Amino acid sequence: MKQNEIFMNMALQEARDAYDEGEIPVGAVLTCNGHLVAKAHNQTERLTDITAHAEMLVLTAGMDAMHSKFLSDCNLYVTLEPCIMCAGAIGLARIKQLHFAAFDEKRGYRKYSEHVLHPKTEVMSGLMELDSSKLLKKFFRERRSL
């Protein structure tokens, strides 16, 4: 299995953990030089905090672990296209590569501006998109039926 797939699988496991906790199932993993630095999933319900997105939590943990506010040697794997808030934080952190699985046509950052990321950040999308999309659709289908 390729390294990108390994890390996106880890992000998907974080998304499943979020699902099990009743959170919107989004997971994120931060790596540096091929090593895991941090992982997180959405915790907006648990923390009663609308900013507790997986990306924000993993960036905070990663900055703490790396002892730096800049993560320019790090890659971020996330199961859903980041929102504009998270993309702004990703840009400010100077992430080297952003890998996201599923597109978010309603709230994804691309809808508002692709320029919010740091100019040197490489973006890759679609890796394990189907798995992520299925989990998200299942979550929202179950919520609507309640």
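**Close-up 1. Glu-21 and its partner Arg-46 in this predicted model.** Glu-21 counts as partly exposed, because its relative accessibility is 38%, a value between the 20% and 50% cut-offs. Its partner in a salt bridge is Arg-46, with 3.6 Å from N to O. The two side chains come from distant parts of the chain, 25 residues apart. To find them, look for Glu-21 in the loop between α1 (3–20) and β1 (27–32), and for Arg-46 in helix α2. Arg-46 is exposed, at a relative accessible area of 54%.

**Close-up 2. Glu-81 meets Arg-110.** Here is another salt bridge, with a distance of 3.0 Å from N to O between the side chains of Glu-81 and Arg-110. Glu-81 sits in the loop between β3 (74–80) and α4, and Arg-110 in the loop between β4 (97–102) and β5 (122–125), so the bridge ties together parts of the chain 29 residues apart in sequence. Is Glu-81 buried or exposed? With a relative accessible area of 2%, Glu-81 is buried. Arg-110, in turn, is partly exposed, and its relative accessible area is 28%.

**Close-up 3. Glu-105 joins Arg-110 in a salt bridge.** Stay with Arg-110 and look for Glu-105: the closest N and O atoms of this pair are 3.5 Å apart. Glu-105 counts as exposed because its relative accessibility of 58% is over the 50% cut-off. Together, Glu-81, Glu-105 and Arg-110 are linked in a network of salt bridges. In general, side chains of opposite charge can pair when their charged atoms come close. How many salt bridges does the structure hold? There are three.

**Close-up 4. The largest pocket and the residues nearest its centre.** This view turns to empty space: the largest pocket has a volume of about 840 Å³. Its lining is made up of 26 residues. If you would like landmarks, Ile-24, Leu-80, Asp-104, Arg-107 and Phe-140 are the ones that lie nearest the centre.

**Close-up 5. Helices that help to line the largest pocket.** Which elements give two or more residues to the lining of the largest pocket? They are α2 (44–47), α4 (84–93) and α5 (129–144). Of the elements, α5 gives the most, with five residues. Sorted by class, the lining has twelve nonpolar residues, ten charged ones and four polar ones. Helix α2 may already be familiar to you, as Arg-46 of the Glu-21 pair lies in it.

How values were computed:
Residues numbered from 1 in each chain as written. Predicted model: local features only at pLDDT ≥ 70, side-chain atom pairs only at ≥ 80, totals over all residues. Heavy atoms only, no water. 1 Å grid on protein atoms, 1.4 Å probe; cavity = no way out; pocket = protein on both sides within 12 Å on 5 of 7 lines; lining within 4 Å. Points joined across faces, edges and corners; volume = space filled by probe spheres on them. Helix = DSSP H or I, 4+ residues; strand = E, 2+ residues; numbered from the N terminus. Nonpolar A, V, L, I, M, F, W, Y, C, P; charged D, E, K, R; others polar. Salt bridge = Lys/Arg side-chain N within 4 Å of Asp/Glu carboxyl O. Buried < 20%, exposed > 50% of the residue type's maximum accessible area, 1.4 Å probe, protein only.
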